[in-house]
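Subject: Handing over the structure

Hi there,

Here is the structure I promised to pass on to you. Please open it alongside this email.

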Amino acid sequence: MTVKLFISAITKFLLGVLLVGLLIFLPAGTFEYIQGWILMATLFVPMFCAGIVMMIKNPGLLASRLDAKEKRGKQSIVVKLSGLMFLCGFIVAGLGVRFDWFVLPMPVCFGGAVLFIIAYMLYAEVLRESAYLSRTVEVQDGQQVISTGLYGIVRHPMYAVTIWLFLSIPIVLGSLWSLLCFAPYVFVIIVRILNEEKVLEANLNGYKEYKKKVKYRLIPF
């Protein structure tokens, strides 16, 4: 762990908290948006804990996830579209509070928070299983195929979990309109996976054999 990495991680974390808070509460026009505070807690508390664990146990992985920038044209578009969905989803949820659009019942919102936390725990398990995870599509030096744990069930457990995470966010916020904003993420991830598998087949030894062993990309069986 270095001071530079710690400062970078904390700075980006605090900027993330500020940005999401603005995107949720500014359109809502009020801080009395309970679902918004529930999302802030379920989103950033696990993120902070995961960051601390990575900083202690695997600072290299943390650094790569903080600084990675997608260089492939198609994948860069995928990343930008994902960001746009976050932007629209948060704003629409806030506007729903301001203009009294239909809001999901509070028990449903709490259920969404539980789903989010479970998905984040699975995300942490994926990080634990693979030291080669990157925010960009690439094959790293010395990278090997992982076929155990969650990777023995589906080929892309991280993407499977992020779909779960993305789609639970608007439920926590209580906004069906926001859910419509996040729904296209499924198709965005499919495009990313198809491109990524071409890269892995061409550059990662054993990946073709792994595909024959684990047939499912996102959904088991």
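Below is what turned up in it, topic by topic.

Before the details, please keep in mind that this is a predicted model, in which local features need pLDDT of at least 70 and side-chain atom pairs count only at pLDDT 80 or more, while totals for chains, interfaces and linings use all residues. Residues are numbered from 1 along each chain as its sequence is written, and side-chain values use heavy atoms, with hydrogens and water left out.

**The first helix pair**

Let me start with α1 (residues 3-28) and α2 (residues 34-57), whose axes are 11 Å apart and meet at an angle of about 170 degrees. Helices here are DSSP runs (H or I, at least four residues; for strands, E, at least two), numbered from the N terminus. The axes are lines fitted to C-alpha atoms, for helices over the stretch in contact, with angles running from 0 to 180 degrees between N-to-C directions. The angle makes α1 roughly antiparallel to α2, a term used for angles over 145 degrees (under 35 is roughly parallel, 65 to 115 roughly perpendicular and the rest oblique).

On the α1 side, the contact (heavy atoms within 4.5 Å) includes Leu5, Phe6, Phe13, Val20, Ile24 and Phe25. From α2, the residues taking part include Trp37, Leu39, Met40, Phe44 and Met55. By type, the residues of this contact divide into 17 nonpolar, three polar and no charged. In that count Ala, Val, Leu, Ile, Met, Phe, Trp, Tyr, Cys and Pro are nonpolar, Asp, Glu, Lys and Arg are charged, and the others, Gly among them, are polar.

**The nonpolar core**

The largest nonpolar core has 52 residues, and Ile24, Phe90 and Leu173 have the most contacts inside it. Such a core is a set of buried Ala, Val, Leu, Ile, Met, Phe, Trp, Tyr and Cys residues joined through side-chain atoms within 4.5 Å. Buried means under 20% relative accessible area, exposed over 50%, and partly exposed in between (1.4 Å probe, protein chains only). The elements giving two or more residues to this core are α1, α2, α3 (59-67), α4 (73-98), α5 (106-129), α6 (157-173), α8 (185-203) and α9 (207-213). Of these, α6 gives the most, with nine residues.

Phe90 is worth a click: leaving aside neighbours within four places in sequence, Phe90 is in contact with Val20, Leu23, Ile24, Leu39, Ile169 and Leu173. Another residue to look at is Thr162, in helix α6. Thr162 counts as buried at 11% relative accessibility, and beyond four places in sequence it touches Tyr123 and Tyr185.

**Cysteines**

A search of the whole structure finds zero disulfides, a disulfide being a pair of cysteine sulfur atoms within 2.5 Å. For Cys88, the nearest cysteine sulfur is that of Cys181, 5.6 Å away. Seen from Cys181, the closest cysteine sulfur is in Cys88, and that distance is too far for a bond. Cys88 itself is partly exposed, with a relative accessible area of 32%.

**Loops and the segment after α9**

Asp100 sits in the loop between α4 and α5. Phi of Asp100 is near 60 degrees, a positive value in a residue other than glycine, and Asp100 is exposed, at 67% relative accessible area. The C-alpha atoms of Asp100 and Ala28 are 9.7 Å apart, with their positions 72 residues apart along the chain.

Phe221, in the segment after α9, also has a positive phi, of about 60 degrees, although it is not a glycine. Phe221 is exposed, with a relative accessible area of 82%.

Tyr216 is found in the segment after α9 too, and counts as partly exposed at 32% relative accessibility. Not counting residues up to four places away in sequence, Tyr216 touches Ile153, Val154, Arg155 and Phe221.

Finally, Ser147 lies in the loop between α5 and α6 and is partly exposed, at 24% relative accessibility. Outside the residues up to four places away, Ser147 touches Gly152, Tyr210 and Lys213.

Happy browsing, and do write back with any questions.

Best wishes
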